[in-house]
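Biologist: Could you walk me through how two chains can fit together? I am new to this, so please take it one step at a time.

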There are 2 protein chains.
Amino acid sequence: MGIEAHKDLLSSIGVDVERHAKMMGMGLEAYKAQFLGQPNRPKAMEYFDWFMSEIQGQRIAEINQLRAEKKPAVGTFCIFVPEEIVVGAGGACYGLCGGSNATIADAETELPRNICPLIKSAHGFKLQRTCAYTQSSDFIYGETTCEAKKKAWEILAKHHPVHVMNIPHMKREKDLKMWQEEIEEFKEHIEGVIEQPLSLEAMKEGVRKVNAKRSALQRLDKLRSSNPDIMPISGKDCLWITQVGFMDDIERYTAKINELCDELEERVKEGVSVFPKDTPRLMVLGTPFAPPNWKLHTAVENTGGCVINEESCIGHRYFKDNVDIEGVQNDDELYARLMERYSKIDCACFTPNTGRIDKIVQMYKERQADGVIYYTLSFCHTYNVESHLVTEAMAKEGIPCLVIESDYSPEDAGQIKTRVEAFLESISFKKKAQAFANK
Amino acid sequence: MGIEAHKDLLSSIGVDVERHAKMMGMGLEAYKAQFLGQPNRPKAMEYFDWFMSEIQGQRIAEINQLRAEKKPAVGTFCIFVPEEIVVGAGGACYGLCGGSNATIADAETELPRNICPLIKSAHGFKLQRTCAYTQSSDFIYGETTCEAKKKAWEILAKHHPVHVMNIPHMKREKDLKMWQEEIEEFKEHIEGVIEQPLSLEAMKEGVRKVNAKRSALQRLDKLRSSNPDIMPISGKDCLWITQVGFMDDIERYTAKINELCDELEERVKEGVSVFPKDTPRLMVLGTPFAPPNWKLHTAVENTGGCVINEESCIGHRYFKDNVDIEGVQNDDELYARLMERYSKIDCACFTPNTGRIDKIVQMYKERQADGVIYYTLSFCHTYNVESHLVTEAMAKEGIPCLVIESDYSPEDAGQIKTRVEAFLESISFKKKAQAFANK
């Protein structure tokens, strides 16, 4: 099928169909080159490969079918937007395109060069009309987690409806109180789209569905990383799976993750690993990877390492906490539970954010990792400045740590590969020395 | 006198005396070279020249005398810190060093390269112990107006006491309510330093003093810019005067500004201008100039133009509004009035911030300016992104506009000069063409 079958739909929502087809073709080629050749992939990956082929085809048709039924379609750039409410209203909450270099030159006609590539890429997709998700959105839900986004919304609003959620940057009691009000306002905004009240029961149902999805991702995280000798799936496949979670139909996706996990459980039992036994196991910390930004994972896994976790918004930070709705009796209690869950997110936008460091150390130990890569998108001040305190803590714990700052240009791929290679060599050497010492 | 006479004091507050003396010597040379040769300076500039020689000498002694009397000494980097309360407590509220390239390499041992030079410079001054203001501070009062600062406080706190004020990024009723609470908390913090309650009357007295200072600066702004044929003082001198206002004793400073204004009033009456009649008159918009960052003003005024206003935090944004305390009966009412005044500041950290654009256009017309330079420090996302909407508005109004992004390195001085020169030429050409058309 692919996007060919949905040309009329794409055109009707304002997509520049020709340019879009070209970009999708390139994306698909890149996917094939980077994913399909991996050895011994789980059979359940077939679904996620299929999703790639329908990413801006059938899935867009599904979203627009929802819209025709007056369900909300909400585009976001941040995991602070409470998707439980959108899902509760029967709609789709998805991440917008923002991982491609191909739209950045256009964005730079309105935005400065030296801001984060994710923001520029996303802005460029809107200017080019080459993201069918953006074009399908009733509105884009922005937030104030970073200042380049915060200010870029003002410009994006010239081209698409934008609503901004004010996320506080401290977590004192009064900040959390205000945050809860933002969640309530979001719900009212969604009611405006569906033109009817959203019941407590519907919202609870939304929470149950999103909890199920998060639980499935937690299960996958555990299967992928808990046995130091068996990595039943590649890190790159897991990254892609997580990325799909920001676009796919939530129930189908959850079922497919659980199917995959069943298969991975078998693999673990049978000792089937997609990497050799002593492959250095890395955690990646920092800023999100929006598709098709697979650069770092490709560099690591083509160079003799593997990625066992993304401590990232498109990763562990997204799925680590569920919402507890046990005993919730009214809307306010539900908002409080949502706020409680969302305020556990340890985004670098918060000050202080020391909990993140403790968490990283704990995750590292639990997963018996061999090192971490602190990854920041260029010009992301919050994660970039926070890297000082994180790497200081890594040094104290004796955790090998490599810091990589990168954008979406292909130019630094070679340099990243060289640095990753040297880092992996030093880890391998350390592992061998330890094994020798333990004899 | 100079800093020599205060060596023991400087040493006692932890200043690296030798390095400090070298840096101050260089600063003084730069000041002499850039300021003293200007033609026909007002006589009252003598005081501000003297201040430069005592900037880290006598003034530091005065601040430490206050501290000995248990008055607060508060270092800041932002005009959102309510100095009225510090002044009301008999203390000194001052801007910390942050305008020099000489400390940046040290700062980059803890901070990323690609954040704003002001933050890096300030951080480096602390690491080097070469700013006697920083060393004299009971604490540094940080705020959350920009994310690089917000995160850098966490690192600076390893080296100096830091307290952070949470400035909201929207101006809805609930944001302002929270802001008011921050002001109250600030007052309580100051009470902690002075170890006694701060009375309403004392705070009101603080407001009166700061209002008087702002009124004096408003008077200067008017004298400098309201007559298109007579510029009685250079833009560079005015910039320096404003910079001094962030360090000097408030009452002495206010008196000296008013003395200067008396002299300038005479000059205007007598038609004494420091620039030739048709000199292009520019407004500078954007980020602050911390001393010794005089690069842009030097480029403009050495190239045949003059600067008639800084729409900047070290400039008009700082002094444009007074606090109305008419009828205030209790502390809460005072906080509300302070909040009301501070929330008029149109920092680019706010979203939306359209009021800033309307104000710029109005200022431009009132002052009969000939063009604007939108100046941003490198990597200042908020002012940098906001420049798109501002320059769009300038274009709509037919206002000539040049955008300059710069840091503290001397390397782009030549390039800036060339761009400013070309800009001034185009303005001069336009003025001549208009004069011809009006004949």
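**How chain B meets chain A**

Modeller: Happy to! Keep in mind that this is a predicted model. Chain B and chain A bury about 3,800 Å² between them, and carbon and sulfur atoms give 54% of that area.

Biologist: Which three residues of chain B supply more of the area buried against chain A than any other three?

Modeller: The size of an interface is often given as the accessible area lost when the parts come together. Here, one trio supplies 17% of the area that chain B buries against chain A, and its members are K151(B), H381(B) and V385(B).

Biologist: How many salt bridges are there between chain B and chain A?

Modeller: Let's start with one example: K174(A) pairs with E181(B), their closest N and O atoms being 3.3 Å apart. That lies inside the cut-off of 4 Å for a salt bridge. The count between the two chains is 12 salt bridges.

Biologist: Which element gives the most residues to the side of chain B that touches chain A?

Modeller: Three elements of chain B give two or more residues to that side: α9 (147-156), α10 (173-194) and α18 (381-397). By class, the side of chain B that touches chain A has 17 nonpolar, 12 polar and 15 charged residues. The element that gives the most, with 8 residues, is α18(B).

Biologist: What rotation superposes chain B on chain A?

Modeller: Two copies of a chain are related by a rotation about an axis and a shift along it. For chain B and chain A, the shift is 0.0 Å, the RMSD is 0.0 Å and the rotation is 180°. The copies are thus related as by a two-fold rotation axis.

Biologist: Which residue of chain B has the C-alpha nearest the axis?

Modeller: The C-alpha in question is 3.5 Å from the axis. In chain B, that residue is E147(B).

Biologist: Why do the copies meet through the same surface?

Modeller: Compare the interface residues of the two chains. The copies meet through the same surface because the share of chain B's interface residues that are also interface residues in chain A is 100%.

Biologist: Now inside chain B, at what angle do the axes of helices α3 and α13 cross?

Modeller: Two packed helices are described by the angle between their axes and the distance between the axes. Y47(B), F48(B), W50(B) and F51(B) in α3(B) meet residues of α13(B), including I257(B) and L260(B). The axes of α3 and α13 of chain B come within 9 Å and cross at roughly 145°.

Technical notes:
Residues are numbered from 1 along each chain as its sequence is written. Chains are lettered from A and ligands numbered from 1 in the order in which they are written. This is a predicted model: local features need pLDDT of at least 70, side-chain atom pairs count only at pLDDT 80 or more; totals for chains, interfaces and linings use all residues. Side-chain values use heavy atoms; hydrogens and water are left out. Buried area is the accessible area (1.4 Å probe) that two parts lose on being put together, summed over both. A salt bridge is a side-chain nitrogen of Lys or Arg within 4 Å of a carboxyl oxygen of Asp or Glu. Helices (H or I, at least four residues) and strands (E, at least two) are DSSP runs, numbered from the N terminus. Ala, Val, Leu, Ile, Met, Phe, Trp, Tyr, Cys and Pro count as nonpolar, Asp, Glu, Lys and Arg as charged, and the others, Gly among them, as polar. Axes are lines fitted to C-alpha atoms, for helices over the stretch in contact, and angles run from 0 to 180 degrees between N-to-C directions. Contact means heavy atoms within 4.5 Å. Copies are superposed by least squares on the C-alpha atoms of residues with pLDDT of at least 70 in both.
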